Every structure is written in C-alpha cells, then in structure tokens.
Amino acid sequence: TKLMPQLPIHSHTHLPGPVLCYKLMTELFKNNLSLSGFFFKLITGMGFNIQVLKKFVNPEIYYINAAFSMGILYLLALSASLIPTYLLAKELFNRQIALFTVPLWIFVPATVSFSPQFDQVYPLISVSAVYFLIKYLNSSKKSYLMLCSLILSIGVFFSFAFLLIIVFCVFLYLGNTIQHRLLNRENLKIH
C-alpha cells in the first residue's frame, strides 16, 4: 500500500509481485518522458480508450502507460501458456490430442479478456508447474522437480492462489508414489 498508494483497493490484498512489477513499469515511464510520450501517442493512435484506464489509475500519462503495458505483458504471458498446455497434453496423452488441446484453450472465454490484472498469468505458471512435475514423475530427473519448485515459488511471490497448486502437486506426487509402491508389491508377489 505504501509502495503504490494510487492503486485500486483490491491491489492492496495482493502479494508484492504484481505491485512491484507495476512500480518498476511506472518508474520506467516516469524517468523516460520521451519514451512515455511516444508510448502514450502510440496507444491513443491505435484507438484504445484511455478513459477506461483512468478509472483504475491516476490520470498522469506514465501511470496510464504502466497500466496499459502491464495489460499487454499479461496477455503475452497468457499467450505463452499455449506452450506448456500443448506439452502437458502431449506428455499425458499424445501429439494428436495436444493439437486438439491448443485451439480449445485459445477459445476459452475467460482467457481472452483484456485488463491489467494478474489473473492472466495463472495458466502459464500453473500449467508449467504441473508439466514439470509430470515430467519428473515419468523420468525421475531431479532437474524437472527443481523447475517445478522454482515456478511454484515465483507463483507464490505473485499470488496466494498458487498455494492451491502446491497442494495439488503434493497430492499428485503422493498418489504417484503410492501407485508405484503398490505396483512393486504386486510384482514381488508374482515373482
């Protein structure tokens, strides 16, 4: 709240990740006025309604630029979530099902909204973490488990919502461990 007092009340409930990103973006435009002016002209020239962003942030140009650029970064992160979605479907099933998964994911209505909020980054972090966990369970390479843990820790820095993904990953890991132990017991009985 002290870092970015002009943000809407809802942002005060978030962990420091999104607020810190927004602060850094604001400082970038505030300290580079020529870049800020050019970016603002570019936004308005493309026909975007600046009045909508003024409802959420202070009317100064650099705040509007920061909010708009954060919205674009979130959309890029959302678009990048197609990659782990494809890879996860391919890992769990096959290439053909993965190719069906991508267009289905693209047209999920909730993922195509444009607003400067962190919700669009959830799929990228969540699916990537689950993908690396599945890769670890299938190959037992510790580097995949390390990548899963790293992605989840980044997610928790940005939002408490990723604590649920950690619980899900723990249950997935425990379920896999129990399954392997039961299969090993059955194999020992057969021999």
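**An all-helix chain and its buried residues**

Of the chain's 191 residues, 37% count as buried. The structure is a predicted model, and its architecture is pleasantly simple to read: the chain holds nine helices and zero strands. Followed from the N terminus, the elements run α-α-α-α-α-α-α-α-α.

The contacts and the surface complete this overview. Among contacts in the chain with a separation of 6 or more, 60% are accounted for by residues 24 or more positions apart. The chain exposes about 12,000 Å², and carbon and sulfur atoms supply 70% of that area.

Pro 84 offers a helpful close-up. This proline is found in helix α5, which spans residues 82-92. Pro 84 has a relative accessible area of 7%, so it is classed as buried. Which residues does Pro 84 contact, leaving aside its neighbours within four places in sequence? The partners are Leu 124, Val 127 and Ser 128. Ser 126 also makes a useful landmark: Pro 84 and Ser 126 are 42 residues apart in sequence, and their C-alpha atoms are 9.3 Å apart in space.

The cysteines are the next stop. The count of disulfides comes to zero. Why is there no bond between Cys 148 and Cys 169? A disulfide needs two cysteine sulfur atoms within 2.5 Å. The cysteine sulfur closest to that of Cys 148 belongs to Cys 169 and lies 4.5 Å away, which is too far for a bond. Cys 148 is itself buried, because its relative accessible area is 4%. Cys 21, by contrast, counts as partly exposed, at 29% relative accessibility.

How values were computed:
Residues numbered from 1 in each chain as written. Predicted model: local features only at pLDDT ≥ 70, side-chain atom pairs only at ≥ 80, totals over all residues. Heavy atoms only, no water. Helix = DSSP H or I, 4+ residues; strand = E, 2+ residues; numbered from the N terminus. Buried < 20%, exposed > 50% of the residue type's maximum accessible area, 1.4 Å probe, protein only. Contact = heavy atoms within 4.5 Å. Areas by Shrake-Rupley, 256 points an atom, 1.4 Å probe, with all protein chains shown as cover.
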